[in-house]
Every structure is written in C-alpha cells, then in structure tokens.
Amino acid sequence: MTVKAKSPLDQSDTLSKRIRAGTPFYVMMAPFFVLFFLFTIVPVLSSIVLSLTDFNMVEMPEWIGFDHYIRLFLEDDIFIKALMNTLLFAVITGPIGFILSFVMAWFINELGRKTRSFITLIMYSPTLAGNVYFIWLFIFSGDSKGLLNSMLIQTGLLRDPISWLTEETYSFAVVVVVIIWSSMGAGFLSLVAGFKALDKSYYEAAALDGVRNRWQELYYVTLPQMGSQLLFSAVMSISSAFAVGYQSRALTGFPSTNYSTHTILLHIIDYGSIRFEMGYASALAVVLFAMMLGTWFLITRVLRKFTSA
Amino acid sequence: MKKQKRSQTWKRVNAIGVSFCLWLGCILPVSVKAEEAAALSEAASPVQAQDENGYVFYQKTASAYPSPSQPIVIDATAFAASEAADPLQTAGGQTMACIGENNAWLTYTVEVPADGAYAVRLYYYPLPGTGSNFSFSLSVDGAFPFDEAKNLSLPRLWANAIGEGAFAQDSSGNDLRPEQVEKPHLIERYLQDTTGQFDEPYLFVLKAGSHTLQFQTLHETLGIQKICLMPLETPPSYEEYAKEFEGRPNQAESVPVEAEKAAETTSSLLYPTNDRSTCATTPNDPGRIVLNTIGGSNWSTVGDRITWQLNVPADGWYRLSARVRQDYTAGMSSYRTLFIDDEIPFEAAKNIVFPYQTSWYVKTLGDDEPLLVYLEAGDHTLSLEASAGEMAVVLSGVRQVTLSLNAIYRRIIMVTGISPDPYRDYQLKKEIPELQPALIDCRDRLKELSAQIAKIEGTGGTQASLIDQVCTMLEDFIQKPHEITERLSNFQSRMESLGSLLLVLGQQPLEIDRLLLAPAEAENLKAESSFFSEMSFEINKFISSFLNDYTKIGGQSGADKSINVWVSTGRDQAQVISRLIAENFTPATGVGVQISIVDTGSTLIQASLAGKGPHAGLMLEKDAPVNLAMRGGLVELSQYGMEDIWDQFYDSAWMPFRYLDGIYALPETQLFDMLFYRTDVFEELGITVPETWDDFYAAMETIQNSNLSVGILEKNSANLAVSSAISMFDRFLFQNGGTYFNDDWSATLFQEERALNAFEKTVKLYTDYGLDEQFDFYNRFRSGEMVMSIQSYSMYNMLSQAAPEIKGLWAMAPIPGTPREDKSINRAESSSGTGCVMLKAAVDDGVDQITADFLKWWVGETAQGQYSVEIEAVMGSAARHTPANRRAFEKIAWSSAEKEAIIAQWEQVMDVRQIPGNYVIVRSLTSALRLTISGDGTARRNLQRFDKDINSEIARKRKEFHLDQEVSE
C-alpha cells in the first residue's frame, strides 16, 4: 500500500479545509497583497466611483451619473486630441521600442561576455538614470545657440533657429525620439536574459533538420523558446507607451503649445491638479485603464498564438 | 563643318555666360560690401580698449609725479560750498560734515604747496542708513580724474548683536546665527579699489596751487570729519621693526582666539559660520550646529576686514598663527594684510599669502622662520584685511584684454552677423584693417599675463591654462583670419570664460577657525585631529542625523498661543523669518509661530482637504490665492482691518488677490520688467534710451543694422509652457487703455480691436522684426551682441554681481511706452509676485485674529524692510528682495538713480484680476502666439479662435462656482 503525498490544494477537499491547508501560502502572500490592494485595487475602484461624481477636492462629491463620460467623448475636443496623441505614441513607440529591444538583445547576445555586459549597461542607462530629459532640452533648445540649431546653422542647412520643442510641427517627433531613446527598459533586460537561457542543443538539432541561415534559426528556434520573455517585454513596452506624458511634459512644457503633445495622462494631471476637477479626471483615468487592459488582452492573444505554434 | 561651328558658338555663349557670372560674382559682393562699409564707417568703433579713462592709465600718469613730502589735512566742517539739507551734524561726539541722499555735495578748496600724487585718507563716521556701504564720487576741479572716482565706496562697521557672549540657540540646541548690528565709531580709511585690480590706494595728481575737491553722495549719508591728502606710506622692513624693539623684555604667553568671536567686521556678511567637516575645528558637536569659523566665500571682497580684540598678558615677542582653509578658488592663493592696532607693523605683514589647499592648515606669519610681533601687555586689536596682492596686476590686465576682445568681437559681428555664412569670405582683414594688430596686441598681453600667473602661483594651474587657450585661439586667428568667422561662437565662449576668470581672480576667500599668539618655542596650532577622534565624530554625526527634524524652524519659547505657518522658500530665508518673528512679533503679541518649509504651491489644497493644513501660507504664486479662495479654502482678509496698510502698496499689487468683493491674500513681493541696455554700444551707435515704442523700433533698426541684437524673450527655458511674450501683449494692450476682462469678469475683451492690435504687434516682433525667440540674456549681454533687452528688474543684481567685466557699461531704465494725449508717456505693464494667505483652519482653531495680525505684521513696512536688509546681509546683494511694500522698498540699498528709475516704472504697473479658469488664458495666448509666429494662420484669426476656448472655459468654471446665478438673483 503506498501512501500518496497529499497536496494541500487537493480539489476534492471542502473549501474551508483547503483554506486552512493553504494558510502558509496566504501568509506569505499577505504583505504584497495588502499593499497591492491598498495602492492599486482601492484607487482603481475609488476612481471608478468618483468618475460618476462631481468632486472639486474641497466640497463633498456630488453624484452626476455618466455626465462625465458623455462630455468626454462628445464635448471635450482636447480629450480627443490627447486620445489621438496617446494612440499615436503607443502605435509608434510601442512596437518600435519592442522590436528595437529585441534586435539589440539579439545583437548583444553575439558579443563576448564583458562587451555584452558593458553594452547592456549603456543601453539600459537611460532607464537607470531616471528622468534625465535635461540633456534633450539642451540639444533641442530653440536658442540659435542650442546644440542642434547651431549645428544646422553652421552647416548652412538652416538660417533661423527652429523651436523644436514648441512648434507643433516638430514637438511630436522630438518626443517620439526621446521615448524611443529611453525604451530599453526592463523588457530589454528580460530579453537579454532570455537569449542567454536558450537551450543550445536545439540549434544543433535544427541544423540537422535543415535550417540554413540565422533568420530561419531566429524564426523557428529562438522565437518559440522565448515566448514568456517576449510577452513580458511586449506588455512592458505597451503599458509604458500608454503612460507617455511625463516625457512630453518635461520636454515641451505643460500644457504643450496647442496641446500638440498632450496625452491622456497629461489630461488627467491637468484636470486633477490644475482645474481641480477630480471627478472628470477619474473618468479619464478609467478610460485610460480600460484602454490598457484591452490592449493587454490583445497582445497576449497575438503572442500566445505566435509562440505556442 | 556645321557641327564645329555650332560647338564654337556654344563655347562662345558659354564663355560669355561664365564671364558674366564671374563678373556678377565680383560685383555683387563688392556692392553689398560697399554699402556695409558705408554703414559701418559711421558707426566704426575703436577696436582698442575703451577704458582709457580708467585708473589703469591714470596710474601711469600719477607714478610720474613725486610723492608729496607732507600730508595736507583738511577739516571737513570747513567746506567751501555745499548742497546738502543739513550739512553739519553731530555724531559720536564730534561735528561732521554730512552729505545725504539725492546727490548732495560738498566742496573744499585746497592749497597744494607742491606737485604730487596724493592718496586720500578719510576720517568718517558711519551714520545710520539702510546698512549698505557708503558710495560717493570725488571730483577734482570739476572733473573726475579717472572713472573709478565716480563710484568710490567706504564700509560700515558691524558686530555680532550678542557681543562677546555665547551664541543664542534654538529649541534643538543649534547655534543661531547672531544678528549683525552696526557698531559705529570714527573710522579712518584710504580711498581704494575694492575689485582687486589695484593693490595700493588711489593716487590723485594735484599740481601746486589751489584746487577744489567735490564729494557727492550716490547712496547713504556720509559723515566726514577730516580729509587727509597723504603720501603713499610704506611700512618699515622687518629688520627695522625688530631693531626698534631690541632689548625689550620678552615674557610672551600663549593667547588663543576663537576666530568666530570677531570684535568687528566691515561687512554684514562676515558672520560666524559652521564647519562640521572635522572635529579639529573648535568648538564642535556631532549633533548640533555650532558656529565655529568665520569668513569663507563671504570674505572675498578686497578691503573686507575682520578685527579681533585681544588681551595680551605680558610684554614680549609673539609668533602669530592661524588655522585656516582656502579651498574655494582652485590653484589660486588668497591674500590678507595684517593690522595690529590699525597699523601695518612691517612690510611682510602686507599681502600675506594663503595658498590653495583642499583641507584645513596652519599658517604662521613668516612660515618656517616665524616673524615675531612685539606686543606690550594690555588690550590690542588684530585685523586681517582681504587685499589684492600680486594678482592685482594680472586682474587689471585680464580686464583690459577682455574689454579689448569684446570690442573686437562686436566689430567682427558688425560685419559678419552673429551666425556668419561659412561659405562666404568676409575679407575681415580688409574690412577691419586694425583687426590684425589688435589681435596681436591682445595675444601678447595675454601671454605676458599667463607668464605672470605662472610666476606667482608656481604651477600655473587652471587659470593660466585658460588664458593659454585664448592665446592659442588668437594665434590661429592671426595666422588664418578666414577662420574667425567659422569659429565665432568659440571666440564668444572663450570671452565668457575670461569673464568668469575675472570673477575668480578678484576674489580672496579665506575661512578662519582660530588664531594663536604664542612665544616662538610654544606648541603651534594643529591642522588635524587624531584618526580615532575623527572616526568617533563621524559615527556620532551619522547617528544624530536620524534624530533631527530639519524642516522645522523656530518655535519661540514664552508664547501663550502658537500658529503654524508654511513657507515655500530656502532654509536661509526661513531662518531669517524665524528670527524676525522671535525678535519682534512674539515679544509684542505673545504669539509663537512654528515655521515649516513646505512647497505651498502644490500641497496647500491637498493638506487642507486632509485637515492637516497650516493656519497661514507665505510666498504663494500670484495665481494661487484666488484659486484656493473660490473653492472656499481661504479666509477673506479685509474683515480683519487692512485699511492702515492699504496705502503701503500700489493698487497693482492687490489686484491679483481680489475675488468677488473680498481680498484673499496680502502682497509680499512684486517684480516687473525694466529696460536694460549697454551704454557703451549705445554711445558708439549714437542712439539714446528709447522713451516710446517708435523710439524703440528706431533704435532696434540701428542696432540690427550693425548685426547686433535686441532681446525680448518668447520662450523661457525654465518654463516652456508659458510664453514670456505675453507680457509684451499686456504692455501693448494696457498702454492703449485696454484690459483683459469685462466689468463683471465674466468674459474676455480679446475680440476688441485694441486687443487684436496689441496681439498683432506682439507677433510682429518675431515675424517682421525677426527677434530671437529664445536666448541666454546674461551671456549675450556681457559679450555685447545683445545691446538692449526688457528683463525683470532683479536681473540688475545678477549683472552687477556676476558680470564684472562690463561694470559701468550698462544701465537700467523704465520700459518704452505709448504717448498719451497730454504728451506724457504710458508705460503700463503687468507684474509678477507672491502673496501670503490665511487658511480656513485658522478660523476652525480660533486663531484667525492672531493669524491676520501676523500676516499684517509680515507684509508691513518694518518686517519687510528688515527682511530685505537681512536677506541681503546673509545672501549678498545678488539675492536682493523685491518687496511689494513701497516703504520697505525704500530701505533697500538701491542707489538714488536706480531707485528713481524703478519707482517711475512701478507707479505705472497695472494688473488684472485672477478669475475662475484663469489657467486657460495663459496657455491659450501662448498657443495663439506660437501658432502665429510659426506661420500657422493670421494673428487676428488665431486670437479669435483661442479666445473662444478661453471664454467657454470661463463660462464653464463660472457655472461650477455658481457665479452667474448670484448675478441674476
């Protein structure tokens, strides 16, 4: 007779018994869960509630139903502009950042150990350094003696300085450049790690099976093995792409000229801390949250299909 | 055959075409150049230094004259003529000749027996005033012998208010910086340079015969008792000095002196300071702030003197040593001159060298072979005065070269413009024939200076290498003149670095911990303490850093009630506020004030929401009070009786704090713009200060024709979201009688012709007149490529402190205006500022009346005046306060000419209310301006378009605050 070790989470037990058996796990989970509940779940729920009220931060909130959402989509031109900008930022910088991270990680993987860690550090440093946009202000200064302007003027390409940061035509592109510069974040690191964790024997097997070049290797061997890292990196880059705003605030001023680089995040800050309309700001936040959630679902679907194939 | 002919014809056509092009190519530039040359010859400026009226040159003349054999003493009360309100006053028990404000003067007639170069020694008494140094001019026979004589200065005497006693402490046991008070008594001092360019007192050449000397004040009332015209004194050599005291008894004993206990100083900035870097600095404590040193970077101005009082127990020969630190100016020595009982004892006591070193060290007079000083038993004073030393020659040399290079630079950009076309040869050699010799001259002078520095400082160091770099650049320019245009920006940045070198060279910083007078064989001071005591000190420091609350300041003892006040400012300012409260407010009212340093801008509303807010907030930006008030966060202030302080402010200061029928903040500071211009370039170009906008545009044309520029900022790099050009729009609007809002502040008036017109004019500055939208004013003004600009008047302080090379070459005037019908000029403009508020919490806690009293006291004449003076004493005149209180402004050390100009402008400042939704106005105007400047739509259409946004937001906000209903009810 063999005694089978019983899992504490045996499905056949009653619920209360299972909870009792799982107590150590709950205790271990508790610190994180309490914090997560307090600082993520509660704010999300409370902003959903607040979004249905009128709240000016001094007087009590007043229930107004879906008025804010109606105004959001039908009356607020700036919101539409911010929405478009956010989507544009996300569509341009998200995939570019993601693909760039992947390609860089792939290249770096080919290098020697020391060079690899050195280059990784360099690529990751914009993220490490935090919000160091100052250097870009210096480069894109509208002063005729700003770095870029003076270079262009000296080579004769320009006669008068361009206000890179405040002219509608250029400011958007400038912000895109800076976001891409700083996009080598945690996702990039996970990809670098993922390349190192690949099982070398698969490549030999693939070579025997007729894989001829590096592209085929990448497509048939490398990618399918890196599903989880790809997913993580994609989620990171998409969610950061939706949270664009601080970069454009630091670069082009807040609010930017004619809202040219205004995003939903900045719109929330505008209503929350300048106009003191918390209810409306909450409605905006809820919309942004929904958008991020939707995109996340989409990404997981696409990548799962791709990697599990 | 035919083919050949055709090709020949082609060739001919080609040849003609090519030669035509060549000819055109030759003619065009020539004709353009001819025009330019014509324009330039009118405005041609000398490339050599313009400082020929300076003392540098006068000194050479003076040195040819003999040193007079006898001093001439003039009794100051026996003046020949005067234009002063009350010329004879008694102070300090003696009768003085006094000249007060408003350019009063006194003249004296002197009979000079023989030709000579005289140093002027004044015996004066520092009469009470605003606390700044006395400044005045001295002319001889109706003319200034040299430029520096137009602005001479003499110091006041200062001492710690607590005298010799222990320093006061706050509730956590930290030493409080003692207040500096004046300690007036009769002073005798030479008229001398304070910039560090000349080591000796100024010499005035007087030929035999009768002369008139005229003293005229610039600011502060000067009381003179005696004027001595003296030969230059030279102290005896040490051998002579030693011989004099030979054979006297020698029973010297050690006399230690803690340097922070100075008896008197010549500057209010010379207060005791704190050093916690090592426990060898005495006294010290790991957990508390202990005042234990004096000087540092505040003791850098030549002529600043610190005096200590000592009691010598017995006659004898004393070795003099000090524990000092000079880690401020890398590679440069500082100089001090030693006075014992106000006399320099011997030659070697002049310009004692304190070399640069990163840590504390002990300096002994005479170093390895100490020079002993003979002192008799009894009280003595010992003084150290910052002196220029050997660097004086270098400094004045660098200043001269910088002036020359500036002139050369301006001359070049008059031909090439600020950003020259790199593909064009400007023929600089031909255009400016004097360029080459001038460059060679500058290079030679710089080489000499660099060698001099190397000789003085030994290694040469960073300063010499900086000069060498300029030399190399000039060498390149001399060899290849065509490179000048390509490297123009390099040229400019090199000049900037020479300018900052001037700042460094002129400074003589030194920090002193303690002094020791001791017999030659006694143990000397120690620079460092042992390793273990140092380690335990550091560990204690680390532990105690967890125990202190650094945000709280003050908390006066002996108060019945107490209120909480948040201040968004630096620690130094908060300490001054706290001390003023402890000295004046708490004793008078019995109310204690707890000050916390909090950024009130963003946190006040959140804190009030959470019920953690203070009773009052100081230094809120001008748009914040009304934004809080309309949400019910603030208490209306006029109900607490503000009538008596009403007149102390201009109406414009109150305007942003009015909402509905109430007032929700009291004005603290007010800042507005003035016109800054380079007097030297104005003179060169033959333009005068513009009074109206037409004058302004005319001046601008002349300036721009010379490839120089005028600056009106559109983008401020500190805050890109707000266009600085909105203040131009305000000017054009206000000066034509326009304003922002209709009578009940429910909508804008931007659709009116006046506003559209003003907006168009503002845009035209950038589109039609081609002004730069963004620039660094400070640097461009220094180099002279920006000749005129409208800047906030606090820029005056920055320029006067940080741009020594253009001292006296620029001025500040009211902004241009629009003529009214009666020919007077309307110079209206808007201002910025801060205010202080009372929060609802004050009413809830029942302290509203005392909070109101506190606010009233704080913005009042006395507190603001004292605050202004003290802030300037603590942080220097670069941090000069800009109070909104008119009477407090009078107490600040502006000269009468500056004061007059500022007040002339201030009277005309006007402002608009802040209304619900006001944030949308700035951002919309900014967008409208920038879209129009970048060519996207016309000015009128853009303003109208954004005006719609503004008005719909205002309407929405009015609905939110139920403002329209009240009107209809």
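**Contacts, fold and surface of chains A and B**

Asn258(A) makes contact with Lys81(A) and Glu168(A) of chain A and with Ser927(B), Leu931(B), Arg945(B) and Phe946(B) of chain B, when residues up to four places away in sequence are left out. The model in which these contacts are found is a predicted one. Asn258(A) lies in the loop of chain A that runs between α13 (246-252) and α14 (264-274), and, with a relative accessible area of 8%, Asn258(A) is classed as buried because the limit for that class is under 20%.

A second loop position in chain A, Val132(A), is placed between α5 (113-128) and α6 (134-139). The relative accessibility of Val132(A) is 34%, and this residue is therefore counted as partly exposed, the class that lies between the 20% and 50% limits. Between Val132(A) and Ser101(A) the separation is 31 residues in sequence, while their C-alpha atoms are 20 Å apart in space.

Chain A as a whole contains 15 helices and two strands. Its radius of gyration, 25 Å, is well over the 19 Å that the globule rule gives for 309 residues, so chain A is more spread out than a compact globule. Along the principal axes, the C-alpha atoms of chain A fill a box of roughly 90 × 60 × 30 Å. Of the 309 residues of this chain, 43% count as buried, and among the contacts in chain A with a separation of 6 or more, 62% are accounted for by residues 24 or more positions apart. The area exposed by chain A is about 17600 Å², of which carbon and sulfur atoms supply 70%. Chain A carries 21 positive and 20 negative charges, and the mean positions of these two sets are 16 Å apart.

In chain B, 29 helices and 42 strands are found. The radius of gyration of chain B is 33 Å, close to the 30 Å that the globule rule gives for 969 residues, so this chain is as compact as a globular protein of that length. The box filled by the C-alpha atoms of chain B, taken along the principal axes, is roughly 115 × 95 × 65 Å. Buried residues make up 55% of the 969 residues of chain B, and, of the contacts in this chain between residues at least 6 apart in sequence, 79% join residues at least 24 apart. Chain B exposes about 40300 Å², with carbon and sulfur atoms supplying 52% of that area. For the 82 positive and 128 negative charges of chain B, the mean positions are 10 Å apart.

Within chain B, strand β18 (residues 293-296) is paired with two other strands, as follows. Strand β17 (residues 272-273) of chain B runs antiparallel to β18(B) and is joined to it by two bridges, with Thr293(B) in β18(B) as the bridge partner of Thr273(B). Three bridges connect β18(B), again in the antiparallel sense, to strand β26 (residues 510-518) of chain B, where Ile512(B) is the bridge partner of Ile294(B).

Helix α21 (residues 795-802) of chain B has Met795(B), Tyr796(B), Asn797(B), Leu799(B) and Ala802(B) as its buried residues. The elements of chain B that cover these buried residues of α21(B) include the helices α9 (488-505), α20 (777-783) and α26 (896-906), together with the strands β34 (673-678), β38 (786-792) and β39 (810-813).

Definitions and conventions:
Residues are numbered from 1 along each chain as its sequence is written. Chains are lettered from A and ligands numbered from 1 in the order in which they are written. This is a predicted model: local features need pLDDT of at least 70, side-chain atom pairs count only at pLDDT 80 or more; totals for chains, interfaces and linings use all residues. Side-chain values use heavy atoms; hydrogens and water are left out. Helices (H or I, at least four residues) and strands (E, at least two) are DSSP runs, numbered from the N terminus. The radius of gyration is taken over C-alpha atoms; the globule rule is 2.2 Å times the number of residues to the power 0.38. Buried means under 20% relative accessible area, exposed over 50%, partly exposed in between (1.4 Å probe, protein chains only). Contact means heavy atoms within 4.5 Å. Accessible areas come from the Shrake-Rupley method with a 1.4 Å probe; for residues, only the protein chains shown count as cover. Lys and Arg count as positive and Asp and Glu as negative; His and the chain ends are not counted. The place of a charge is taken as NZ of Lys, CZ of Arg, CG of Asp or CD of Glu. Two strands pair if DSSP finds at least two bridges between them.
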